[in-house]
Amino acid sequence: MKANVHGHKETRTRTGIKILLTSLSAMVAETSTFPIDLTKTRLQLHGESQPLSSSTRRPTNSFRVAAGIVRDQGASGLYKGLSPAIIRHLFYTPIRIVGYENLRNLVSADGSLSLSSKALVGGISGAIAQFVASPADLVKVRMQADGRLINNGLQPRYKGPFDAFNKIVAMEGLGGLWKGVLPNVQRAFLVNMGELACYDHAKRFVINNQISDDNIYAHTLASIMSGLSATMLSCPADVVKTRMMNQAASKEGNVMYKSSYDCLVKTVKIEGLTALWKGFFTTWARLGPWQFFFWVSYEKFRQISGLSSF
């Protein structure tokens, strides 16, 4: 009986340490790559609902968007919305990472699952985590998009993350914090299906085939492979999610998109199929470094804390 109690206490302690370490690693990764995420969001909103033939719709790319932000708002403009992004990851990352590991070990004690099983476990963990963290993600997207108003000489909608939370609840109700939650959860399912399963599987492949030991080289190779697969799967859902979360109801209660499906159809009809992969390279450029910073930090923190490799 005492052994059982001791075992449960030790498991809770290890879980608590993992939650702390994932939060710290996510903060490192998010701060390091946030300017790329901001550029991606602005790029995905560029030309929204403007036909391909529109004279007001000028072609752009990631470098032009980033240069425009620095020119109009200074270097600090690249970190617009960082605080809600950090808040989001304090919920999102621990739930998905620790949840995935626990579910994986529950299904198979030695973690030797098939890639498809890992993908399913990763998707479920990511979907649950994103549902919980969706309000913070909404605020992050709104604050990032506010920079476009500043560029046009208009006042931003929100003064800060807490002001954004209050205004959204006051104008759109509590449910407004979960606007776009469906595409958000769909994207999280796809991202984590690709990211977690691919990282886990790729790292084991690299180690088992003696390409590298369980070190920074294995972690880097695995993070690059998982970043590419996650981007390919999630980019369309990410575009829809960004547009759904950015739209705020007018005074009359009208919105541009009635649902995720409506957003998907209108985007393809007006801007073409390729619009669903807007910001693909920016997304990949962000996911790759993000995962590198996260996984290298997390694996190192685990080693220092006396925990086994992920």
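**View 1. Tyr199 and its aromatic partner Phe310.** Tyr199 is buried in this predicted model. Its relative accessible area is 0%. Phe310 is buried too, at 3% relative accessibility. A pair of aromatic rings is described by the distance of the centres and the angle of the planes. For Tyr199 and Phe310 the centres lie 6.3 Å apart. The planes meet at 50°, and the pair is tilted. Tyr199 belongs to helix 6, residues 181-208. Phe310 lies in the segment after helix 9 (280-305). The two residues are 111 apart, and their pair links distant parts of the chain.

**View 2. The rings of Phe294 and Trp295.** Phe294 and Trp295 form a pair with centres 5.0 Å apart. Their planes stand at 80°, so the pair is edge-to-face. Both residues are buried.

**View 3. An aromatic cluster.** One cluster joins Tyr100, Tyr199, Trp290, Phe294, Trp295, Tyr298 and Phe310. Tyr199 and Phe310 from View 1 are members, as are Phe294 and Trp295 from View 2. The structure as a whole holds 14 aromatic pairs.

**View 4. Arginines over rings.** Arg104 lies over the face of Phe310, 5.1 Å from the ring centre. Elsewhere, the charged end of Arg88 sits over the ring of Tyr92. Here the distance to the ring centre is 4.2 Å.

**View 5. The salt bridge of Lys18 and Glu101.** Side chains of opposite charge can pair when their charged atoms come close. The side chains of Lys18 and Glu101 meet in a salt bridge, at 3.5 Å from N to O. Lys18 sits in helix 1 (residues 2-45) and Glu101 in helix 3 (residues 82-107). The partners are 83 residues apart, so this bridge links distant parts of the chain. Lys18 is buried, with a relative accessible area of 10%. Glu101 is buried as well, at 3%.

**View 6. The salt bridge of Asp238 and Arg187.** The closest N and O atoms of Asp238 and Arg187 are 2.8 Å apart. Asp238 comes from helix 7 (residues 216-246), and Arg187 from helix 6. The pair links distant parts of the chain, 51 residues apart. Both Asp238 and Arg187 are buried.

**View 7. Glu271, Lys278 and a salt-bridge network.** Glu271 and Lys278 form a salt bridge, with their closest N and O atoms 3.1 Å apart. Glu271 is buried at 3% relative accessibility. Lys278 is buried at 14%. In a separate panel, salt bridges with shared partners join Arg104, Lys118, Asp200 and Arg204 into one network. Arg104 is also the residue over the face of Phe310. The count for the structure comes to 16 salt bridges.

**View 8. The cavity and its lining.** Rolling a probe the size of a water molecule over the atoms shows where empty space is left. The count is 1 cavity of 30 Å³ or more. The largest cavity has a volume of about 200 Å³. Its lining has 16 residues, and the closest to its centre are Arg88, Tyr92, Arg187, Arg286 and Leu287. Arg88 and Tyr92 also appear in View 4, and Arg187 in View 6. Helix 1, helix 3, helix 4 (115-151), helix 6 and helix 9 each give two or more residues to the lining. By type, the lining divides into 4 nonpolar, 2 polar and 10 charged residues.

How values were computed:
Residues are numbered from 1 along each chain as its sequence is written. This is a predicted model: local features need pLDDT of at least 70, side-chain atom pairs count only at pLDDT 80 or more; totals for chains, interfaces and linings use all residues. Side-chain values use heavy atoms; hydrogens and water are left out. Rings of Phe, Tyr and Trp (its six-membered ring) pair if their centres lie within 6.5 Å; planes under 30 degrees apart count as stacked, over 60 as edge-to-face and the rest as tilted. Helices (H or I, at least four residues) and strands (E, at least two) are DSSP runs, numbered from the N terminus. Buried means under 20% relative accessible area, exposed over 50%, partly exposed in between (1.4 Å probe, protein chains only). A charge sits over a ring if NZ of Lys or CZ of Arg is within 6 Å of the ring centre and within 35 degrees of the ring normal. A salt bridge is a side-chain nitrogen of Lys or Arg within 4 Å of a carboxyl oxygen of Asp or Glu. On a 1 Å grid over the protein atoms alone, a cavity is a set of points where a 1.4 Å probe fits but cannot get out, and a pocket is an open set with protein on both sides within 12 Å along at least five of seven lines; lining residues have an atom within 4 Å of a point. Grid points are joined across faces, edges and corners, and a volume is the space filled by probe spheres set on the points. Ala, Val, Leu, Ile, Met, Phe, Trp, Tyr, Cys and Pro count as nonpolar, Asp, Glu, Lys and Arg as charged, and the others, Gly among them, as polar.
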